[in-house]
Amino acid sequence: MSYLNITTQVSDGVRVITLSRPKALNALNAETLKELRQAIEEAVADVQTKVIIITGAGEKAFVAGADIAEMSKLSALEGREFALLGQGIFSLIESIAKPVIAAVNGYALGGGSELALSCDIRIAAENAKFGQPEVNLGIMPGFGATQRLPRIVGKGMANFLIMTGEIIDAQAALRVGLVEEVVPKEKLMERAREVAAIIAKKAPIALGLSKRAVNIGLDVGPASGMAYEAEAFATTFSTSDQDEGMNAFLEKRSASFKGE
Ligand code: COA
């Protein structure tokens, strides 16, 4: 499929979705959000795609936020629709069975930070910068930061970022647990692909169920999360990948998983 503000590329089971709106530092307008939804749906439907990487085009920005020029014209009702649009797409990213890695290559502000938060793993370039500067614009986060940020960095740091609008660098993001790794700028995609390649070799059904168990557990709490985990664990025993994985171990060879 061809898009105006997104490019996609698949190789070796890894699909890279690149947000590309150079004139606005890849800011998310409604059109780009809808294209992102289509690109995610396309990735889900494609059997070749095992793992997804989301990144931004250019040297400077992952995504510099929701599009401020577009937002400046919204009424309250339209604001709600815009929030629901963004929330829906980021929740889709979180709910799909395929693992999603954010490769953060510069500014990840507002909706850009929220996009990264909806991914399963965040790898940042040294020049990455994170923040929720909505308060500077007289608004608040609307694409999930009030919910995902405290779950990832804790309530205090989430409030710090949301209330001050301060922008933190990649090392600070690493310290607070907002990203998992920081790498030199020129190594970002290499490292993201390396991590994606490791994951792409694992059993897809087990990966999808693990992702869901982590996310469900964070929503419903540990007791119900444990109950879901036990059922999901049980489900993996009905897959041929479980036979393959365990037989491969016992036969001292590497496993080859089929997602069945
Ligand atoms: N929405 C719309 N356009 C944006 C944008 C956004 N979120 N972020 C950047 N742009 C546009 C700028 O308006 C500018 O366009 P222009 O060349 O037509 O004037 C272009 O992208 C380049 O940005 P510029 O501000 O000139 O780059 P910079 O290096 O001086 O600053 C930022 C980079 C990211 C610090 C700055 O662009 C910024 O603060 N952006 C807004 C961040 C934000 O508040 N995001 C949250 C929105 S809820």
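**Helices and their packing in a predicted model**

Helix H1 has 16 residues, which at 1.5 Å a residue should span 22 Å; its end C-alpha atoms lie 23 Å apart, which agrees. The model is a predicted one. The buried residues of H1 are Ala30, Thr32, Leu33, Glu35, Leu36, Ala39, Ile40, Glu42 and Ala43. Glu35 and Glu42 are on that list beside the leucines. What covers them? The cover over the buried residues of H1 includes strand E1 (6-11), E2, E3, helix H2 (68-71), H3 and H4.

Take H3 from that cover. Two packed helices are described by the angle between their axes and the distance between the axes. For H1 (residues 30-45) and H3 (residues 76-95), the angle is about 25° and the axes are 10 Å apart. H1 and H3 are therefore roughly parallel to each other. Their crossing is left-handed. On the H1 side, the contact uses Ala30, Leu33, Lys34, Leu36, Arg37, Ile40 and Glu41. On the H3 side, Phe82, Leu85, Gly86, Ile89, Phe90, Leu92 and Ile93 meet them.

H4 has a helix partner too. Helix H4 (residues 111-118) packs on helix H5 (residues 145-153) at an angle of about 55°, with the axes 10 Å apart. That angle makes H4 oblique to H5. H4 passes H5 in a left-handed crossing. Glu114, Leu117 and Ser118 in H4 meet Ala145, Arg148, Leu149 and Ile152 in H5.

Now move along the chain to helix H8 (residues 188-200). At 1.5 Å a residue, its 13 residues should span 18 Å, and its end C-alpha atoms are 18 Å apart, which agrees. Which residues of H8 are buried? They are Leu188, Ala192, Val195, Ala196, Ile199 and Ala200. These residues cover an arc of only 140° around the axis, which puts them on the same side of H8. The spacing follows a general rule. An α-helix has 3.6 residues a turn, so residues three or four places apart point the same way. The buried residues of H8 pack against five strands and a helix: strand E2 (14-19), strand E3 (51-56), strand E5 (100-104), strand E7 (121-125), strand E10 (181-183) and helix H9 (204-220). E2 and E3 are also in the cover of H1.

H9 leads on to helix H10 (residues 222-236). H9 and H10 pack at an angle of about 170°, with their axes 8 Å apart. H9 and H10 are therefore roughly antiparallel to each other. H9 contributes Ala206, Leu209, Arg212, Ala213, Ile216, Gly217 and Val220 to the contact. From H10 come Pro222, Ser224, Gly225, Tyr228, Ala232, Thr235 and Thr236.

Thr236 turns up again with Gln242, a residue of helix H11 (residues 240-250). Leaving aside its neighbours within four places in sequence, Gln242 is in contact with Thr236 and Phe237. Is Gln242 buried or exposed? At 17% relative accessibility, Gln242 counts as buried, because the cut-off is under 20%.

Two backbone details remain. Most residues other than glycine have a negative phi. Asp12 is not a glycine, yet its phi is positive, about 50°. Asp12 sits in the loop between E1 and E2. With a relative accessible area of 77%, Asp12 is exposed. Lys252, also a residue other than glycine, has a positive phi near 55°. Lys252 is found in the segment after H11. At 77% relative accessibility, Lys252 counts as exposed.

Note on methods
Residues numbered from 1 in each chain as written. Predicted model: local features only at pLDDT ≥ 70, side-chain atom pairs only at ≥ 80, totals over all residues. Heavy atoms only, no water. Helix = DSSP H or I, 4+ residues; strand = E, 2+ residues; numbered from the N terminus. Expected span 1.5 Å × (residues − 1). Buried < 20%, exposed > 50% of the residue type's maximum accessible area, 1.4 Å probe, protein only. Arc of directions from axis to C-beta. Contact = heavy atoms within 4.5 Å. Axes fitted to C-alpha atoms, helices over the stretch in contact; angles between N-to-C directions. Parallel < 35°, antiparallel > 145°, perpendicular 65-115°, else oblique. Left-handed = near helix turned anticlockwise from the far one by under 90°.
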